[in-house]
Structures are given as C-alpha cells and as structure tokens.
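Reader: I would like to learn how to read the interior of a protein model, taking its spaces, its packing and its backbone in turn. Could we work through an example together?

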Amino acid sequence: MPTLQLQTQSGCGLAIGRYPRFRYDASGGGGAAILGPQDRGSWQPLSFEAAALTIPALNWRTTRFLGLPLPPGLSIAVHPERLEGRWQLATGAVELQFHARFRFALGVLYRAPDLIVHTQLTSKAVQGQRHSARGQPLDGNGQALLVGIAMIQPTGVSWFDQFLGLPDEALAQLRCRFIQTPASLI
C-alpha cells in the first residue's frame, strides 16, 4: 500500500489572539500517512499515526516573535493527537483535520495547562473573526502551505487565560512537503 511522507519545513507561523504572529522553523518534523483509495472526485484519503508524527517545539532556536528569539527556557511543545484528511494530486488541494495539545513550559519551573487545538489545515484561504491566511496547494515538488484557524478555549487557570485572552482564535501556518513513496521505503 502506498504511503505519503510529510516533512515540515521552515517558513511556518503561529498566532494566538491579539498577539502578532510568531515566525517558526518547523524543519525536521513529519511522519508517514497511509493512503486510501481515490474517490470519484480524485480525492485520496490519508491518515497519519499520531504517535509517530513529530512537530518540533517552539523555542529560542526555532521561533522568533517581533523579530527576536523566544526567551531561553520558554518552550511550547506540540503533541499531535490526530492528523487525517484527504489530498487531490491533480489540483494540489489538501484538507487535514489536526488535533493537538500545545504545552507551554518555562524551564522546569512552570508548565501551563495544555492548550487544545482542533482545526482543519487547508491549502485554501481561511478567514476567522481575528485572523486570515491563504494557503498554497502542492506544487510540482510536493511543497504546500497549509493554514487553519482554531478557537482556543480557556484552560481554567485564570491568569494564564487572561494573559492569552482566552477564549480566542489561533492561526496556524504549516509549510510542508509531501512525498509519495512505496510502503517498502518507509
């Protein structure tokens, strides 16, 4: 059965609430998806095993906010729980349901409650009440920009929720590459 390899790349972004966008280098992440049979519209389902999917943490090495790296010790780990959807090779369109937990930590001193993210990452345009972005379909090299908007609910920790302005929207921009490979190569 053929598989599809996802490779995360630099040129990603993340925004939450009223804060400006973070620039994020997600290079080195990814995972393999199993492809299902094409439907009549030439859409092909794909499903990633969440436990084998890696997304680099946002930290001082990978992330810049207002042109500056995040402070050392501040880290936002991304723990994927679900990534599945469909793609259409002829048009380059991609639609993926993404569920993850974002874990903020300040060194070993503090770990905030998880932010729960449920969004559809798409190669089309997205428009929310606060954020908007335009995705890019797969090009001839399998590269795409997937965008999604999620409503982030409060964590229950009053000061943290007030600091982030929760509930509010978050925007994700994932620059990535898809490579179709025979299952024997994975």
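Author: Let us begin with the enclosed space, keeping in mind that this is a predicted model. Of the 19 residues that line the largest cavity, Tyr 24, Ile 55, Phe 98, Ala 172 and Leu 174 are the ones nearest its centre.

Reader: How many cavities of 30 Å³ or more does the structure hold, and what volume does the largest cavity have?

Author: The structure holds one cavity of that size, and the volume of the largest cavity is about 230 Å³. Its lining divides into 14 nonpolar residues, five polar residues and no charged ones.

Reader: Which strands each supply at least two residues of that lining?

Author: Strand S1 (3–8), strand S2 (12–16), strand S8 (74–88), S9 and strand S15 (168–181) each do so.

Reader: How should I read the largest pocket, and which residues lie nearest its centre?

Author: A pocket, unlike a cavity, is an open set of points. Here the largest pocket contains about 520 Å³ of space, and among its 29 lining residues, Phe 22, Ile 76, Phe 104, Phe 163 and Leu 164 lie nearest the centre. Two or more lining residues come from each of S2, S8, S9, strand S11 (115–122), strand S14 (143–152), helix H1 (158–164) and S15, with S9 giving the largest share, five residues. By residue class, this lining has 27 nonpolar members, two polar members and no charged ones.

Reader: Turning to the packing, which residues touch the most other members of the largest nonpolar core?

Author: That core has 41 residues, and Phe 102, Leu 115 and Phe 178 are the ones that touch the most other members. Strand S9 (residues 93–106) gives the most to this core, namely six residues. A second core, separate from the largest one, has six residues, including Ala 15, Val 126, Ala 133 and Leu 171.

Reader: What does Phe 102 touch, if residues up to four places away in sequence are not counted?

Author: With that exclusion, the contacts of Phe 102 are Leu 14, Ile 76, Ala 77, Val 78, Pro 113, Asp 114, Leu 115 and Val 117.

Reader: How do I judge whether cysteines are bonded, and how many disulfides are counted here?

Author: A disulfide is a covalent bond between the sulfur atoms of two cysteines, and the step of reasoning needed here is a cut-off of 2.5 Å between those atoms. The count comes to zero disulfides. For Cys 12 the closest cysteine sulfur belongs to Cys 176 and lies 7.7 Å away, which is too far for a bond. Cys 12 nevertheless counts as buried, with 5% relative accessibility, and Cys 176 is likewise buried, at 0%.

Reader: Finally, what should I look for in the backbone, and which residues does a cis peptide bond join?

Author: Most residues other than glycine have a negative phi, and most peptide bonds are trans. In this model, a cis peptide bond with omega of about 5° joins Leu 166 and Pro 167, and Pro 167 is located in the loop between H1 and S15.

Reader: Where is Leu 66 placed, and is Leu 66 buried or exposed?

Author: Leu 66 sits in the loop between strand S6 (63–65) and strand S7 (68–69), and Leu 66 is exposed, its relative accessible area being 63%. The phi of Leu 66 is near 55°, which is a positive value in a residue other than glycine.

Methods. Residues are numbered from 1 along each chain as its sequence is written. This is a predicted model: local features need pLDDT of at least 70, side-chain atom pairs count only at pLDDT 80 or more; totals for chains, interfaces and linings use all residues. Side-chain values use heavy atoms; hydrogens and water are left out. A nonpolar core is a set of buried Ala, Val, Leu, Ile, Met, Phe, Trp, Tyr and Cys residues joined through side-chain atoms within 4.5 Å. Buried means under 20% relative accessible area, exposed over 50%, partly exposed in between (1.4 Å probe, protein chains only). Helices (H or I, at least four residues) and strands (E, at least two) are DSSP runs, numbered from the N terminus. Contact means heavy atoms within 4.5 Å. On a 1 Å grid over the protein atoms alone, a cavity is a set of points where a 1.4 Å probe fits but cannot get out, and a pocket is an open set with protein on both sides within 12 Å along at least five of seven lines; lining residues have an atom within 4 Å of a point. Grid points are joined across faces, edges and corners, and a volume is the space filled by probe spheres set on the points. Ala, Val, Leu, Ile, Met, Phe, Trp, Tyr, Cys and Pro count as nonpolar, Asp, Glu, Lys and Arg as charged, and the others, Gly among them, as polar.
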